[in-house]
Amino acid sequence: MKVLKFGGSSVASADRIRNIISIVKPRIASGEKLTIVFSAFGGITDMLIEMSELASQGKNKYIALYHQFKDRHSVAARELLSEDKYFSLNVAMDEHHETLKDLLKGIYLVREASPRTMDYVLSFGERNSNFIIAEAMNESGIQAEFLDARKIIKTNKDFGSAKVNFKLTDPAIQNYYKEHNDKVQIVTGFIGSDIGGLTTTLGRGGSDYTAAILAGALHARELEIWTDVDGVLTCDPRKVKQAFTIPQLSYAEAMEMSHFGAKVIYPPTIQPALRKGIPIYIKNTFNPGFVGTLIHKEPDPTFKSTIKGISSLCNLSLIRLQGSGMMGVPGVSARLFTALGREKVNVILITQASSEHSISIAVTDKEARKAISSISEEFEKEIEDGLIEPVKAEADLCVVAIIGEQMKNVPGVAGRLFESLGKNGINVIAIAQGSSELNISFVISKHDEAKALNAIHDSFFLSDTKRIHVFMIGVGLIGGTLLTQMQEQEEALKIHNSLRIKVCGLANTKKMIFNENGINLQTWRQELKENDLPSDINAFADKMIKMNLSNSIFIDNTADGNIPDLYEKIFKSSISIATPNKIAASSAYENYNFLKQLAKKNNVQFLFETNVGAGLPVISTLRNLIHSGDRILTIEAVLSGSVSYIFNNFDGSRPFSTLVKEAKELGYTEPDPRDDLSGADVKRKITILARESGYQVESNEVVIRPILPESCMEAKSVEEFFVALEKEDAHFSELLNKAKSQNGVLRFVAKAQDGNVTCGVEFAGSDSPFYNLGGSDNMIVFTTQRYKQRPLVVRGPGAGAEVTAAGIFAEIISAGS
């Protein structure tokens with residue numbers, strides 16, 4: 001004998017019922033002995049609860065719901081049965097419906113729906129569905145018989161969640177099946193009856209329990225629970241998209257998974273099967289060929305991960321009983337749980353400090369007030385005397401548990417767990433672990449549930465592949481190039497770096513788009529253009545923070561002075577930042593240092609390598625020198641690609657003004673070249689390098705020896721600027737000739753030494769590293785305690801979309817390592 005159970009989603013419509021018949025009919029024809037348990041049609045139990053509540057509140061709206069209930073079953077029967085069968089069945093169904101109608105009217109008149117009455121009301125869901133399905137199976141050629149479980153499952157009178165009396169139930173089942181072994185029994189799930197015949201229910205998930213009770217009593221070869229997912233998954237797939245089916249679970253692992261919120265199987269279901277050693281298969285009605293999950297005695301030794309699954313329960317409150325009066329006092333715990341037991345409060349998690357100073361318990365938000373009241377009453381005297389603090393609850397919490405029998409054999413599981421949480425800024429409020437090491441449970445804010453589940457899932461199940469969620473403002477030349485590079489390297493990163501980068505938010509000056517599953521990097525331009533969401537930097541940051549995705553990084557590809565104002569709240573939300581925007585790192589030293597410390601405090605990264613040399617490894621080289629114990633003596637640098645191009649090509653063959661015009665036409669300079677030639681950009685860069693060297697330098701302390709005479713800087717337009725610059729060509733030629741006379745060249749050099757920072761045009765002799773600089777290259781020369789005789793030189797393109805984007809890309813990858 002095999003016992004099968006199909007849930008509400010599996011029988012939600014006539015087509016789905018036909019699908020079930022197509023699954024079981026070949027098996028029955030091949031000689032398999034089956035008993036099949038069905039739930040109410042999908043949504044019907046909730047409908048019965050709602051109409052009862054409306055009736056008890058004196059609201060006539062229950063009548064409309066009653067007619068929906070009646071019509072739903074009538075339509076299903078009409079679609080499944082021939083006209084004759086439908087007519088005869090409908091007569092019996094009408095009697096059921098009249099009884100329900102009278103019952104609801106009684107509730108309406110007395111304005112009360114007692115637990116006893118509710119159990120009877122709810123029974124109509126299972127009785128109707130199984131009655132219809134039994135007839136549909138008969139019509140399809142299966143010899144089936146409707147079995148009302150109230151005949152065979154006997155319980156106490158705990159209406160709503162009745163306890164099964166197995167001493168009466170098992171013999172009743174066995175005797176019934178001896179007399180009805182020639183047909184497939186179609187059994188109502190969820191319901192039973194007390195000794196006197198009153199209808200009871202077995203609690204939510206009771207249909208699974210019904211099937212397990214039958215399997216245990218009949219010594220079934222196996223129990224099959226058919227649902228709408230491919231077995232028991234590593235995590236809730238609605239919250240973790242990468243969740244996958246667990247091939248095998250032990251009974252103990254399945255019990256833990258179900259206790260902590262796994263909806264596929266309910267805790268009581270496992271007990272009867274466990275007692276008899278009956279294997280349980282979790283199968284998918286809509287993918288019947290899939291193997292699903294097997295639950296049996298032993299854990300699966302071939303499963304690659306240390307843990308089997310991650311479960312969560314939300315809408316919980318953490319209640320703390322604490323005070324010096326608890327320390328060393330026997331019986332405190334007994335009194336606490338007695339108080340909770342009186343009010344029938346279900347405790348989900350318990351944790352106690354070894355000092356005995358406090359005990360914390362997790363209960364549902366709905367039961368929190370009742371629990372606080374009962375505990376406060378129990379410890380009233382101690383609270384009055386100040387020995388115990390007033391009882392308080394922290395609401396809107398979530399318990400997350402990692403589960404697996406193999407955890408006890410592997411050291412470092414807890415460290416890995418809490419490292420993944422810490423890296424994502426998830427605060428753990430309470431922790432509990434049993435001595436069996438079967439699970440580690442902890443309490444977090446409900447807001448962090450999805451983020452925690454994804455971070456843990458990535459850490460344990462996708463440890464070979466890490467995901468990074470990117471949010472980017474600025475998708476112009478640099479941003480667009482970066483997205484192209486990401487797309488081109490997507491497969492290579494997966495193969496060689498075990499890294500998946502998902503771009504989840506993009507914004508330009510007009511529009512912004514979000515997609516937590518990742519924006520298509522081939523069509524992002526079109527998606528952004530067609531999107532109706534107007535761009536707003538504050539709204540962008542708020543949405544990114546609200547999405548609360550694990551391993552997130554914010555990319556600021558702009559020169560906008562307002563965006564750095566958002567960095568503080570971004571860091572506080574445990575999101576890293578990578579940016580070529582120099583404003584934050586060159587702002588007031590106090591703000592620069594505050595942001596760096598804030599990032600460190602929140603265990604995220606503040607990445608601004610591209611502030612100084614685009615894709616050149618300047619800041620990383622500087623940090624490596626310092627971290628290895630070297631001391632920076634001097635930094636000398638050519639830090640502007642545009643200015644570098646002008647001076648590198650200023651050899652006397654063309655006037656200085658002509659070279660500036662050429663640089664502008666080639667796009668090396670800003671539309672107004674004075675933005676580059678003023679030295680302001682170089683000042684910001686050398687300020688950042690000086691700070692990274694350990695000096696508390698302010699930008700306004702940098703001494704700039706101007707390139708341009710005042711007449712050029714004071715010109716009212718770009719056109720007037722070039723007129724004034726041409727008049728100064730002789731001045732620049734004189735400077736060049738002076739340099740040539742000493743076998744040298746002119747370079748615009750920034751220097752930081754002993755906390756003094758300067759920028760200006762300098763003579764570079766043939767022995768200078770800057771002498772042979774060409775094109776628009778940048779060069780940074782580090783003279784250190786170790787590199788004193790031969791300084792360390794970093795040279796290469798210091799500007800351009802490709803290299804800048806590559807620099808940001810490298811920082812994104814480093815954030816994922």
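1. Helices here are DSSP runs of at least four residues, marked H or I and numbered from the N terminus. With that in hand, you can find N454 in helix α14, which spans residues 449-461. Please keep in mind as you read on that this is a predicted model. N454 has a relative accessible area of 11%, so it is buried, since buried means under 20%. If you would like a feel for distance, N454 and D560 are 106 residues apart in sequence, and their C-alpha atoms are 33 Å apart in space.

2. Next, have a look at D194. You will find D194 in the loop between β5 (191-193) and β6 (199-201). Its relative accessible area is 3%, so D194 counts as buried. What does the side chain of D194 reach? It comes to 2.9 Å from the backbone nitrogen of G197.

3. Now for the charged pairs. The model has 37 salt bridges by the rule used here. One of the pairs is D208 with K5, whose side chains meet with N and O 2.7 Å apart. This pair links distant parts of the chain: D208 sits in helix α7 (residues 206-217) and K5 in strand β1 (residues 2-6), 203 residues apart. Both D208 and K5 are buried.

4. A second pair to find is E378 and R335, joined in a salt bridge at 3.0 Å, N to O. Here too, distant parts of the chain are linked, with E378 in helix α11 (residues 365-378), R335 in helix α10 (residues 332-342), and their positions 43 residues apart in sequence. E378 has a relative accessible area of 22%, so it is partly exposed. R335, at 27%, is partly exposed as well.

5. R684 and D681 show a pairing inside one helix. Both belong to helix α25 (residues 680-692), three residues apart, which is about one turn of the helix. Their salt bridge has its closest N and O atoms 3.6 Å apart. Are these two partners buried or partly exposed? R684 is partly exposed because its relative accessibility is 31%, while D681 is buried because its relative accessible area is 17%.

6. Salt bridges can also be followed from residue to residue: K2, R27, E32, E222 and E224 are linked in a network of them.

7. Finally, turn to the surface. D94, E95, E98 and D102 gather there in a patch of negative charge. Among them, E95 has its place in helix α4 (residues 83-110). Its relative accessibility is 54%, and exposed means over 50%, so E95 counts as exposed.

Conventions:
Residues numbered from 1 in each chain as written. Predicted model: local features only at pLDDT ≥ 70, side-chain atom pairs only at ≥ 80, totals over all residues. Heavy atoms only, no water. Patch = residues over 30% accessible without salt bridge, like charges linked within 9 Å, V, L, I, M, F, W, Y side chains within 5 Å. Areas by Shrake-Rupley, 256 points an atom, 1.4 Å probe, with all protein chains shown as cover. Salt bridge = Lys/Arg side-chain N within 4 Å of Asp/Glu carboxyl O. Lys, Arg positive; Asp, Glu negative; His and termini not counted. Charge placed at Lys NZ, Arg CZ, Asp CG, Glu CD. Helix = DSSP H or I, 4+ residues; strand = E, 2+ residues; numbered from the N terminus. Buried < 20%, exposed > 50% of the residue type's maximum accessible area, 1.4 Å probe, protein only. Polar contact = N/O pair within 3.5 Å; in protein donor to acceptor, adjacent residues only side chain to side chain.
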